Structure formats: C-alpha cells, structure tokens
Amino acid sequence: MLDGDIDPREIAWGQAAKSGDVLLFATGVLGFLPPGAPNPDNAPQLEGWQVIALKKFRKAWRERFTAKGRLSIRSGHGVGKTCFLSIVVLFVLLCGGPDTKVPVVANSQDQLRDGLWPEIAKWIGHLPPALKAEIEWQKERVVMRCAPEEAFAVARTATKHRPEALQGIHAKTILAIFEEASGIPEETIEAGAGTLSTPGAIAVAVGNPTRATGFFHKTHTTMRSMWDTMVVN
C-alpha cells in the first residue's frame, strides 16, 4: 500500500458501520474468509453456523431501536463460540458510536479471563493499525480510547446471591452477552430487566446445554417465542 492510500479494511469498516453489517466487518475488516473459500495460507475462516449467527445479529442490530434483539445459541464444545462473540464485541465497539456499552456476564471470572477476553485480544491484533490504535484491551475491560467511560466492554460475574451484573448499565446502545449461559442464574436476568428492556439493547446468550432448567434453557423452550434461537452441533 502506497503512502497516502487508504487501507481497504478501513473502507470496509466505514461501510460496515454505516450499513450495520457485522458480516462485512468480519470479512472486510478482520479478514475472515467465507466458508468453503480456498484457503491455502490458512487464513481465518468463518464456519457456516457463524455466518448464520452473524446474519441474525445483523438483523437485531439494525432493528435494535424498534425491536428487542434476542439471540440464543446452544452448542457443544469447540465450535467457535468465543470467536463469534469476539467479532460482535469488536463490531459493536467500533461501529456503535460513543455511547455504547457491552456487559459480558458469566458465572465465574475464570470463564472470561481464560476464554473470551484473550480471544478478543487476539482479534484486536487483526485490526488495521488505525482501528487498533482506537481500542485498548485491559484485564477486565476493552475501551474506546476516545470515550473510555462511555464506550467499553466489561467483564462481570453473576451468582444467585450477587445478581446485579447488569445493574448500572445505561447507554444508547447496549449489547449484553451471557457467556456459558447455562450457569447464569435467573436472578441476574430479573435484576437486569430494566437494562435489557431499554430501546437499543441487544442480548446474546451462548453456551452448552448442560442444564434442563434455568434462564438459558427457557430461551430454547418456554421463552422461545421471544428469542431467535440456534442449535450448533
């Protein structure tokens, strides 16, 4: 690329932000190849289910001020859930504007410290330099340098006796992520009902179907009419 030329990944970022297209962000900015594309250099490549999930998220993102976006993904181990979550976290932070907050909730700090948080750091490394300079990875937060108190992702734990993980989250755009959602107590969802019902709020729950009760199980059963669900083998 010659001096003065614009990185095509920055152009893709602008297009993705304007159109609300998280799939374009994944392929054009982070450099993922689509499923089935020739890949002699072993570049990052999306799984088929990730493309479907990103399209579902795209719909929820575009309609977030007029409809309640709810996506619940049930899967086994090792299918690429943390990669998918990293894509949407970075998309929301880089495309959501200055008043954007992403609470990432799990029932233990270890799940986030050992799983999603280092995965986010990995994909920050795939951003073009100009975008990479705008985002800062921290131990429990990922912040936009231009507005670190208004645009950030934060790791939070939730237990039955400490359900307040979503309380205090107020922003124009909110993405609430429930990581390994089978372990998230229903008390957390009840305590965060105000946050989740705010226009501009999207909820994404992912996890293994390890329990036949609880909030995550209900998103695929009794509350299924309110959630866009997926099952990944």
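This is a short chat about the sheet, the helix packing and the salt bridges of a predicted model.

Colleague: Start with the sheet. What is the strand order?

Modeller: The order is 3-4-5-2-6-7-1-8. That makes an open sheet of eight strands, with mixed pairing.

Colleague: Which strands stand at the edges?

Modeller: Strand 3 (135-137) and strand 8 do. Each has a single partner strand, so one side of each is left without a neighbour in the sheet.

Colleague: And what does the twist average from one strand to the next?

Modeller: The average is 15°.

Colleague: Take strand 1. Is it mostly covered or open?

Modeller: Covered, mostly. Strand 1 spans residues 69-75, and six of its seven residues are buried.

Colleague: How many bridges join strand 1 to strand 7?

Modeller: Six, and the two strands run parallel. Strand 7 covers residues 201-207. One pairing to look at is R74, whose bridge partner in strand 7 is G207.

Colleague: What about strand 1 and strand 8, parallel or antiparallel?

Modeller: Parallel, over five bridges. Strand 8 is residues 228-232. L71 has D228 as its bridge partner there. S75 stands opposite V232.

Colleague: Which strands does helix 3 touch when it packs on the sheet?

Modeller: Helix 3 touches strand 1, strand 6 (173-178), strand 7 and strand 8. The direction of helix 3 makes about 170° with that of strand 8.

Colleague: Now D228 again. Which residue does its side chain meet in a salt bridge?

Modeller: K56, at 2.7 Å from N to O. The pair links distant parts of the chain. D228 sits in strand 8 and K56 in helix 3 (residues 48-62), 172 residues apart. So D228 has two roles to note here: bridge partner of L71 and salt-bridge partner of K56.

Colleague: Are those two buried or exposed?

Modeller: In between. D228 has a relative accessible area of 29%, so D228 is partly exposed. K56 is at 24%, so K56 also counts as partly exposed.

Colleague: How many salt bridges does the structure hold?

Modeller: Seven. Another one pairs E186 with K218, with the closest N and O atoms 2.9 Å apart. E186 is in helix 7 (residues 186-191) and K218 is in helix 9 (residues 215-219). They are 32 residues apart.

Colleague: How accessible is that pair?

Modeller: E186 is partly exposed at 30%. K218 is at 30% relative accessibility and counts as partly exposed.

Colleague: And which residue does R9 meet in a salt bridge?

Modeller: D7, at 2.9 Å from N to O. R9 is at 28% relative accessibility, so R9 counts as partly exposed. D7 is at 8%, so D7 counts as buried. The cut-off for buried is under 20%.

Colleague: Change of topic. At what angle do helix 2 and helix 4 pack?

Modeller: About 100°, with their axes 10 Å apart. Helix 2 is residues 22-29 and helix 4 is residues 81-95. The two helices are therefore roughly perpendicular to each other.

Colleague: Which residues meet there?

Modeller: From helix 2, V22, F25 and A26. From helix 4, I87, V88, L90, F91, L94 and C95.

Colleague: How do the residues of that contact divide into nonpolar, polar and charged?

Modeller: Nine nonpolar, no polar and no charged.

Colleague: Where does W13 lie?

Modeller: In helix 1, residues 8-19. W13 has a relative accessibility of 29%, so W13 counts as partly exposed.

Colleague: What is W13 in contact with, leaving aside neighbours within four places in sequence?

Modeller: F25, V29, L94, C95 and L131. F25, L94 and C95 are also among the residues where helix 2 meets helix 4.

Colleague: And how are the C-alpha atoms of W13 and I184 separated?

Modeller: By 33 Å, and the two residues are 171 apart along the chain.

Colleague: Last stop, the other end of the sheet. What joins strand 3 to strand 4?

Modeller: Three bridges, and the strands run antiparallel. They form a hairpin with three residues between them. W137 stands opposite V142 in strand 4.

Colleague: Through how many residues does a hairpin join strand 4 to strand 5?

Modeller: Six. Strand 4 and strand 5 (residues 151-157) run antiparallel, with three bridges. V142 turns up again here, opposite A153 in strand 5.

Conventions: Residues are numbered from 1 along each chain as its sequence is written. This is a predicted model: local features need pLDDT of at least 70, side-chain atom pairs count only at pLDDT 80 or more; totals for chains, interfaces and linings use all residues. Side-chain values use heavy atoms; hydrogens and water are left out. Buried means under 20% relative accessible area, exposed over 50%, partly exposed in between (1.4 Å probe, protein chains only). Helices (H or I, at least four residues) and strands (E, at least two) are DSSP runs, numbered from the N terminus. Two strands pair if DSSP finds at least two bridges between them. Axes are lines fitted to C-alpha atoms, for helices over the stretch in contact, and angles run from 0 to 180 degrees between N-to-C directions. Angles under 35 degrees count as roughly parallel, over 145 as roughly antiparallel, 65 to 115 as roughly perpendicular and the rest as oblique. Contact means heavy atoms within 4.5 Å. Ala, Val, Leu, Ile, Met, Phe, Trp, Tyr, Cys and Pro count as nonpolar, Asp, Glu, Lys and Arg as charged, and the others, Gly among them, as polar. A salt bridge is a side-chain nitrogen of Lys or Arg within 4 Å of a carboxyl oxygen of Asp or Glu.
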